[in-house]
Every structure is written in C-alpha cells, then in structure tokens.
Amino acid sequence: MPTLISVLESLIVAVPVLLAVAYVTVAERKTMASMQRRLGPNIVGYYGLLQAFADALKLLLKEYVSPTQANMGLFFLGPIITLVFALLGYLVVPYGPGTGLSDFNLGILYMLAVSSLATYGILLAGWSANSKYAFLGSLRSTAQLISYELILSSAILLVVMLTGSLNLTVNIEAQRAVWFILPLFPVFLIFFIGAVAETNRAPFDLAEAESELVSGFMTEHAAVIFVFFFLAEYASIVLICILTSILFLGGYLYDYVSLFFIVQYFDFDYYINNVHNDSLFYSSPLIEGLLYGLALGVKSGIMIFVFIWVRASFPRIRFDQLMSFCWTVLLPIVIALVVLVPCILYSFEIIPTNIPLI
C-alpha cells in the first residue's frame, strides 16, 4: 500500500508537469508569432490548443532511423537520463505549505545536483551518435552548463545567506516581509542570465545552433527519442522558472497580490479587521491551497513568458563570447557580491541562524 501511494503521488506531480511542458511549447509558438506579427498554431483545436498533442502524435508515429555506427546502448540511454533528471527536480518543489512530495532540508542542494547530472545524458548522446555535429554540440553544451552552473550556485548562495537554510519552504516563508527580488535585484539579474544559459535557450543556445551544428547534440535523434530531449528541455525551463519564483518572488505566497486587489476593489478596513494570518478567503483550506498553487503558477508563468520574450528579442552570440562573458564578466561580479553581502549582514548583525527542532 505505501508503494502504491508513492506511485500515485509521483503520477500526480509528473502528469501535470508533462502537460505543462506540452502547453509551454504552444505558448512559446503563439507568443513568438504575436511578437513577429504571425498567427502561430490556430488550426488543431480551438485557438490551436491541441497542437501539442498533434506534434506528440506525429513524433510517436514517425519511423525511427538510427545511425549504423552509433553506440546503441548509450545512444538510447542519453535522452532517457536527461529527461529523468529533468523531472526529478520537481520532487522538492513546495506547491504550498507542506504540499510538496518531499520537504527535506537540503532541497536546494538536491536541485543543483540533479540539474548537474542531466549534463551526462547530453554528453553521452552526443558522443555515442558518432557524428561530428552531435559531438561538437555535446561538448559545447557540457562546457556551457558547467560554466554557468557556477554562476547559478553562487547566486543561490547569496539567497541562502539571507535565510540560513537550504530548505525551499524556509526560503519562501522568509519572504513574507519582502520578496528577495527587491534587496537582491542584481543577484536576480545574474541568476536569470545564468538560468537562460543553463537551459540552452536563445540567445545562449550555442549547443544546438542551426546555422553551425544543424541541431547540435540532437542531430541524429528522431521520433520517440527526440521527444525525450524535447520534453527534458522544456521541463528544465519550467523547473528553473519555478525555482526563480521560489527564491526571488515569494514562491506560493500571495499576500501582496491579495492586498492589492482588496485595496483596489474591496473595503480595506474590513480586510484589516476581519482577515487574519495574512490570508485571503481563509474559510476553506481547499481554496487556500488552490490560491497557493495559483500564486506559484502565475509567478512561474510570468518567468516563462520572460524566457520566450528574451528568445524573440536578442540575437545569438558566438560561443567564445558566451564563455568569455561567463568567466570575465559574471564571475567577478558574483564573487564581489559573495564578499559584499555577508559583510552587510554582519555589519547590521542580521546574519540568520536556524536552529533545527529535535
């Protein structure tokens, strides 16, 4: 029975994630079409909403063609590793107070480790294909991911300095006074740039640059195996946007949003006198849980839109410029902030200390 419950819990998280990933692809195509004065998908289903299922069906029904000189075991294993580790990160995401699959104290460290291990799938897939384009794409992707992982982890370290904990729920609850995007706005910008590069998104998609490497490490993959890479890429985008909203935008907290709407449309005095615990509609735990999930979803959706916006706005840069920007621009700034932020916390005697409950 416990095993069945664990499987059901995993499915409850995995199935909505895969559906969200499918509709992020549709949202990206519609948003970019609007920015470029095109229509985008509008035939399959109402307003093109079933386009994701049509694409999936097309890829599943295509004949699979594999290179004759490829290492077949690693060729199939690479995309599977990438997708599995992209989905494992959702294990520790808190969708509300106590509503995540797992809420252990090293959640941030776990997410960094899982995202780093996904690099091995890309490396194996590119090397095993026995193609120069795929191999060059996997080398680029690995170098890019390893380089920008340092930027991401350093930016996360600065957030952890304000909370004193690697637990994602603790980091969210610490933002009830103020979201960390306000005191750490430069860190947020650096984190966002690192996140775009970490997910191989334009303008940092040098690992799959069509003008140079055909399709990078995915050049020789087709049909179902290509779907794994496709799902892994967009699952990583959704996960990094959720992590951004958790670390800098208050996660599932909706107090500021509810307060804004009450000031605009309701009686502010009634809110102060009758609504307690910084919560709106506190009468039903179900409604409260839905509001928590909706708040996290809206914030993550805004970040996904910014990812799409960046892709539609900026041109692709050269690979040497990408690496030089990481090591000569971003890294010195991050190291300076890693020195500055603890000094400020120590000067004002506000270094956090979390004592674990026994």
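How many helices and how many strands are there in the chain? The count is 13 helices and 0 strands, and this comes from a predicted model. Read from the N terminus, the elements go α-α-α-α-α-α-α-α-α-α-α-α-α. The chain has 358 residues, and 44% of them are buried. If you take the contacts with a separation of 6 or more, 79% of them join residues 24 or more positions apart.

Before going into details, let's look at the confidence. The mean pLDDT over the chain is 81, and 87% of the residues reach at least 70. Element by element, helix α7 (residues 185-198) has the highest mean, 91, while helix α11 (residues 268-274) has the lowest, 50. The pLDDT is below 50 over residues 259-268, a stretch with 8 contacts in the model beyond near neighbours in sequence. Residues 275-283 also stay under 50, and here the model has 14 contacts beyond four places in sequence.

Now for the interior. The largest nonpolar core holds 75 residues, and Tyr90 and Phe248 are the ones that touch the most other members. Helix α9 (residues 223-248) supplies the largest share of this core, with 15 residues. Another core of 6 residues lies apart from it, and Ile122, Leu145, Met218 and Phe229 are among them. As background, nonpolar side chains tend to be buried together in soluble globular proteins.

Phe248 is a handy place to start exploring. Setting aside neighbours within four places in sequence, Phe248 is in contact with Val159, Gln175, Trp179, Phe180, Ile181, Leu184, Val187, Phe188 and Phe191. Thr244 lies in α9 as well. Is Thr244 buried or exposed? Thr244 counts as buried because its relative accessibility is 1%, and the cut-off for buried is under 20%. With neighbours within four places again left out, the contacts of Thr244 are Phe188, Phe191, Leu249 and Met303.

Next, the packing around α7. Two packed helices are described by the angle between their axes and the distance between the axes. For helix α5 (residues 132-163) and α7, the angle is about 150° and the axes are 9 Å apart. Angles over 145 degrees count as roughly antiparallel, and α5 and α7 are therefore roughly antiparallel to each other. Their crossing is left-handed. On the α5 side, the contact is made by Gln144, Leu145, Tyr148, Glu149, Ile151, Leu152, Ala155, Ile156 and Leu158; on the α7 side, by Val187, Ile190, Phe191, Gly194, Ala195, Ala197 and Glu198.

Helix α13 (residues 319-347) also packs with α7, at an angle of about 145° and with the axes 11 Å apart. What is the handedness of the crossing where α7 passes α13? This crossing is left-handed. Here Val187, Ile190 and Ile193 of α7 meet Phe325, Leu330, Ile333, Val334 and Leu337 of α13. Val187 and Ile190 are thus worth picking out in the viewer: both are listed in the contact with α5 and in the contact with α13.

Back towards the N terminus, Thr31 is found in helix α1 (residues 2-35). Thr31 has a relative accessible area of 19% and is buried, since the cut-off is under 20%. Beyond its neighbours within four places in sequence, Thr31 is in contact with Phe305 and Ile308.

The loop between α1 and α2 is a good spot for checking backbone torsions. Most residues other than glycine have a negative phi. Arg37, found in this loop, has a positive phi, near 60°. Tyr47 is found in the loop too, and its phi is positive at about 60° although Tyr47 is not a glycine. Arg37 counts as exposed at 82% relative accessibility, and Tyr47 counts as exposed at 56%.

One loop further on, between α2 (51-61) and α3 (72-88), you'll find Thr68. Is Thr68 buried or exposed? Thr68 is exposed, because its relative accessible area is 72% and the cut-off for exposed is over 50%. Thr68 and Ala129 are 61 residues apart along the chain, and their C-alpha atoms are separated by 9.2 Å.

Terms used:
Residues numbered from 1 in each chain as written. Predicted model: local features only at pLDDT ≥ 70, side-chain atom pairs only at ≥ 80, totals over all residues. Heavy atoms only, no water. Helix = DSSP H or I, 4+ residues; strand = E, 2+ residues; numbered from the N terminus. Buried < 20%, exposed > 50% of the residue type's maximum accessible area, 1.4 Å probe, protein only. Contact = heavy atoms within 4.5 Å. pLDDT = per-residue confidence, 0-100. Core = buried A, V, L, I, M, F, W, Y, C linked by side-chain atoms within 4.5 Å. Axes fitted to C-alpha atoms, helices over the stretch in contact; angles between N-to-C directions. Parallel < 35°, antiparallel > 145°, perpendicular 65-115°, else oblique. Left-handed = near helix turned anticlockwise from the far one by under 90°.
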